[in-house]
Amino acid sequence: METPSRLADKTAVAGRLSIEEARRLWLEASDSELRALASGARARFHKPDHCTYLVMGIINYTNVCVAQCDYCAFYRLPGSPEGYVLTRDAVFDKVDRVLALGGDLVGFNGGFNPHLPLDYYCELFAAMRERYADRLEFYAMTVAEFMYLARNAKLDFPAAAGRFKQAGVRWITGGGSEVLAESFRTRHSKFKYTVEEFFEAQRAIVRAGLNTTATMVIGFDESLDERLEHLERTRNFQDETGGLVSFLCWTYKPYFTQLGGIEISGQEYLRHLALCRIYLDNIPRIRTSVLTQNERALEGLLYGADDFDLPVEDEVTQKAGATISLEFERILSVARKLGFTPQYRHVALAPSAS
């Protein structure tokens with residue numbers, strides 16, 4: 001069996017790691033070894049002292065959801081007096097705030113609300129495109145929400161993707177994946193979907209010509225095997241489709257959730273980020289999470305990440321204990337002190353019009 005130093009030699013020449021080799025790196029490589037390997041893998045795609053960022057708001061348009069995931073502090077069941085659906089004007093107010101703060105991207109995230117039909121979303125997204133045109137881009141929903149909406153509308157995934165594309169949607173992101181291992185999903189989100197169904201839906205999204213991403217959340221009770229399964233499935237999907245624009249990993253916030261638990265350390269997150277960069281050799285953009293790690297996330301640039309976002313709001317993670325700072329220059333100064341030159345990464349097609 002190969003030693004960590006032999007595995008280091010292998011990654012240095014762009015060799016692809018197996019699951020077993022990745023396991024050995026995680027268990028036996030030091031922090032400095034993982035950092036060096038991840039930095040070398042990063043350098044195949046990016047300048048060593050360069051990083052990009054964006055300013056982004058997550059619009060939680062409804063908190064009504066029937067998925068009942070035990071790690072979520074945000075959702076309310078149908079009929080709850082605390083349930084809500086934002087008006088279109090309220091959505092636009094949140095978008096305008098992101099624009100005023102210098103951003104050009106918002107994402108929608110609201111769970112599985114059985115009272116909102118497919119037409120609600122198509123009309124909202126068409127209105128978004130009409131109002132903001134190309135000076136703002138939006139992530140219309142997550143793959144998980146897409147699947148729920150398609151099924152409720154009795155559409156197959158290709159037909160649903162076509163409907164959203166007609167409404168002006170360009171992005172359906174990989175959110176809602178958490179840990180893509182069936183054993184994890186059985187424990188924590190049994191009313192969602194299977195792993196195979198997730199990739200079936202994302203495959204239809206890619207084939208429809210829409211952009212998508214990969215995401216992962218760690219720090220629940222997942223095993224190393226489950227983490228590695230997630231990475232293996234993600235890499236295989238990228239080999240097959242080439243459709244994943246980026247990979248973002250963040251950490252579970254355990255506060256006020258049914259699952260509870262203790263938040264993992266920042267160093268464990270950085271080690272995992274490094275392993276992601278090394279293992280996901282076919283995804284150029286690896287993103288670190290300021291939303292869940294705050295300024296510590298910028299150390300992820302030393303562990304293989306090349307990109308991050310400065311969040312404006314995200315009620316889902318804030319409800320579970322995440323904190324958000326709008327002191328963007330202070331956060332960017334952390335990246336500079338670490339030796340990186342951050343450059344804004346425009347997502348909208350016409351950012352100068354904002």
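What follows is a chat between two people about a predicted model.

Colleague: Let's start with the whole protein. What makes it as compact as a globular protein of that length?

Modeller: There are 14 helices and 8 strands in the protein. Its radius of gyration is 20 Å, and the globule rule gives 20 Å for 354 residues, so the protein is as compact as a globular protein of that length. Along the principal axes, the C-alpha atoms fill a box of roughly 55 × 45 × 40 Å. Of the 354 residues, 56% count as buried.

Colleague: How do you know that strand β4 is largely enclosed by the rest of the structure?

Modeller: Buried means under 20% relative accessible area, and 7 of the 7 residues in β4 (residues 212-218) are buried, so the strand is largely enclosed. Both faces are covered: T212, A214, M216 and I218 are buried on one side, and T213, T215 and V217 on the other.

Colleague: What makes β4 and β5 a pair?

Modeller: Pairing takes at least two bridges, and β4 and β5 (residues 244-251) have 6 bridges, in the parallel sense. T212 stands opposite L244 in β5. From β4 the chain crosses through helix α10 (residues 224-241) to β5, a right-handed β-α-β crossover.

Colleague: On to the cysteines. Why is there no bond between C65 and C69?

Modeller: A disulfide needs the two sulfur atoms within 2.5 Å. The closest cysteine sulfur to that of C65 is in C69, 6.4 Å away, so that is too far for a bond. C65 has a relative accessible area of 10%, so C65 counts as buried.

Colleague: And why is there no bond between C276 and C249?

Modeller: The closest cysteine sulfur to that of C276 is in C249, and their separation is 5.1 Å, so again it is too far for a bond. C276 is buried too, with a relative accessible area of 0%. The structure holds 0 disulfides.

Colleague: Last one: why is G300 called buried?

Modeller: The cut-off is under 20%, and G300 has 0% relative accessibility, so G300 counts as buried. G300 is in the loop between α12 (290-293) and β7 (307-311).

Colleague: Which residues is G300 in contact with, leaving aside its neighbours within four places in sequence?

Modeller: Those are L270, L273, T288 and A305. As for A159, 141 residues apart from G300 along the chain, the C-alpha atoms of the two are separated by 39 Å.

Note on methods. Residues are numbered from 1 along each chain as its sequence is written. This is a predicted model: local features need pLDDT of at least 70, side-chain atom pairs count only at pLDDT 80 or more; totals for chains, interfaces and linings use all residues. Side-chain values use heavy atoms; hydrogens and water are left out. Helices (H or I, at least four residues) and strands (E, at least two) are DSSP runs, numbered from the N terminus. Buried means under 20% relative accessible area, exposed over 50%, partly exposed in between (1.4 Å probe, protein chains only). Contact means heavy atoms within 4.5 Å. A crossover is right-handed if, with the strands pointing away from the viewer, the path from the first strand over the helix to the second runs clockwise. The radius of gyration is taken over C-alpha atoms; the globule rule is 2.2 Å times the number of residues to the power 0.38.
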